[in-house]
Amino acid sequence: MSQNRTNVRTDVITIPIFSTMLLLATAADVIAQEDSSYVLEEVVVTAQKREQNLQEIPVSVTAISGQDLEVHQINNMQDIRSLVPNLYVEEGLSGRTTVKMHMRGIGVSNQNFSFDAPIGIYMDGVYYARATGALVDLFDIERVEMLRGPQGTLYGRNNSVGALRIETKKASLTDFDAKADFTVGSKDQRNLRLALGAPLIEDKLGVRFAFNTRNNDGWQRDMNTGEPAKEDDLSAGRIQLRYIPNDQLEVILRGDYMADRGTGTAASNFLVDPDDDIYTFESSIDRRSDIDTWGASGTINWTSPSSAINVTSISAYRELKYRNAEDVDGLADVRSFEVARQDQDEWQFTQELYATGDSFGALPLQWVLGAFYFRERNEFDWAVQIFAPPTVQTFEQDTDSAAVYGQAIYPLSDRLSLTTGIRYTYEKKEFTGTQVLADGTPNPAYDFFDDMSANEVTWRAAVDFAATDSVLLYASAATGFRSGGFNGNAIARSDIAGGGFGVEDSFTIEGGVKSELFENKLRLNMNYFYTEYDNLQQAITRSDGTIATSNSQATVHGLEAELKALPAKGLAIGVTLGSMFDDIKDSDLTLSNAPEWSFRVDGAYTFRVPGLAGSLRIAGDVSYRTNSFTGGTNNPFSATGDYEIVNANLTYETDDQHWALTLAGFNLSDQFVKTHTFIVAGGAIASTYYPNTPRHWALTLKYQY
């Protein structure tokens, strides 16, 4: 596959989004007059820690149901990227299950433990502190919610850009169900997924299991050894016990594990490329990327006898073990930039307790009051070779964070409501660094210890007005913060002492409209946001391959829109639009992974074919992004250019819905995209791309009972 594909630019896709929306609205209006038997289903979310209709809350939320995941063949968290406006999700460096996520232009490209992400990830209410191991497969999922904008009030630290909430299916107390699917595909892809739920004591106790494996032979190949990279070798499982002894109490115990033995995407040198193939590479070390995660949690939901108060407690413990080695310069005969060792051991404990109610005395006040505690320990060994045998740096970081928060929604009239919320957070980090020289002796001159603490108050205020029964207008202002820290990629002691970075604060104002039109056959949600960042955290790869940290001031503003329509029976169409325009103060640079425009158009049509004893569904989507940079230095080599991705699938399902067969094609135009770049010494030493997955196919047989 030629590296010349990196220069391809497709200009033929210039879909006029708003014209498309108008066309769909008109079509839906016509159909609505003819047939009212099908409508868009109500979407219930828990973004504000209570069950609410998506269309009735003044929050920018994208909700993706389990059915949506299946229709569009979304099997992994990174596949939701084009479904959410202004979201970028990709596989992180050196790990198939390490997430690189940016929202509205802000994120973390380096998954190092010392750089906290500004987008919180929550699985069944449990916070995942580290990006490593967080790029999970989406199987047996009830719903995915992507909250856009600062979530500092209800979710707290490191949610300054947004929060991703994933809810798995609950165990049933009355019915037995089972489902399984098996996938084969390109590069000998082999996936197996199983889920089983059963009542153990009817109406009282239920159990649910979910298990999946993912394997293939790798999309990249070492030219010298034949060893694969970009290779799947994953096993994961979950177990859940759900107990409801009476109408007031629910107890859910959960456990999960994941073992990832796949090799992440390799650095492929594009300036020195003998076979003119960006999917081959060279490595002078034994590359590895082993990730193990496991966790256990307990959720208790209690309702008072009068049903006036609901109390939820979520207790969780998680562990992460990560072992990695990577040749970043992409050449076997050059020892310029090699990560010889990158080992991380992490554990975290979280406890959250909150109560909700729909009245406060005689006041019709919807309220939430809560407290949150977080404790984390990281141990990290880091050895990078830059033209010389590596030193080994060992870092330890302990984090303690505690918060109290509250939010209230007060109806000023039948159609006008006011939301206010506030949160106080105290946080402390202790950081220790030591070094062993290349000859194996400790370096006492490197020894480092310091701590930092923060006291942060974040708040949110919103007003919403129901202009009609199906149109909601809202405006909001909100703040959030991202934790400060120390440079955990430092080779020299001076890079720790001078590389600390302070708390990042964000302030966002937003206005939007949520609407359901034409007898619930068209849903159109739009919003405009403007965000100011104070002390925006940026980790920059310097010309010698080391990491420097900095803080800057920046603004980002843009438009976001989501449309879903049912213009005809059996036909569903969706449109997603996002725009971002940023300005970094006193700099000509732009934010990384922040295209000015991005959109997606998808459709699915289900119909019966006589004689098949079942139905066919044709689905497809096209997503498009304008140029952006994969790195903060805006090196021209890191420019992605404008590009589009095309996917499609065909599904046959039996009338009893027990069996289904799906043939899916991904990246059908075989578009090459740089997901990461490393440019060292202006490209004279290392000039490497990390490529996306090229065109591939998958055939899936599914059974459910």
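Let's start with the largest cavity, which holds about 570 Å³ of space in this predicted model. Its lining is made up of 42 residues, and Met123, Tyr128, Arg238, Asp256 and Arg318 are the ones nearest its centre. Several strands give two or more residues to that lining, among them strand 8, strand 13, strand 16 and strand 17. The largest share, six residues, comes from strand 16. If you sort the lining by class, you get 19 nonpolar, eleven polar and twelve charged residues.

That cavity has company: a search of the whole structure turns up eleven cavities of 30 Å³ or more. The second largest has about 250 Å³ of space. Here 24 residues form the lining, with Val99, Ala117, Ile119, Arg130 and Ala131 nearest the centre. Strand 5, strand 7 and strand 8 each give two or more residues to it. By class, this lining has 14 nonpolar, seven polar and three charged residues.

Now, please find strand 13, residues 205-215, on your screens. Eight of its eleven residues are buried, so the strand is largely enclosed by the rest of the structure. Who are its partners? On one hand there is strand 12, antiparallel to strand 13 and joined to it by eleven bridges. These two strands form a hairpin with three residues between them, and in the turn Asp203 has a positive phi of about 70°. On the other hand there is strand 16, which also pairs with strand 13 in the antiparallel sense, over eleven bridges.

Ala210 is a nice residue to click on: its bridge partner in strand 12 is Ala195, and Ala210 stands opposite Arg238 in strand 16. That brings us back to the largest cavity, since Arg238 is among the residues nearest its centre.

Key:
Residues are numbered from 1 along each chain as its sequence is written. This is a predicted model: local features need pLDDT of at least 70, side-chain atom pairs count only at pLDDT 80 or more; totals for chains, interfaces and linings use all residues. Side-chain values use heavy atoms; hydrogens and water are left out. Buried means under 20% relative accessible area, exposed over 50%, partly exposed in between (1.4 Å probe, protein chains only). Helices (H or I, at least four residues) and strands (E, at least two) are DSSP runs, numbered from the N terminus. Two strands pair if DSSP finds at least two bridges between them. On a 1 Å grid over the protein atoms alone, a cavity is a set of points where a 1.4 Å probe fits but cannot get out, and a pocket is an open set with protein on both sides within 12 Å along at least five of seven lines; lining residues have an atom within 4 Å of a point. Grid points are joined across faces, edges and corners, and a volume is the space filled by probe spheres set on the points. Ala, Val, Leu, Ile, Met, Phe, Trp, Tyr, Cys and Pro count as nonpolar, Asp, Glu, Lys and Arg as charged, and the others, Gly among them, as polar.
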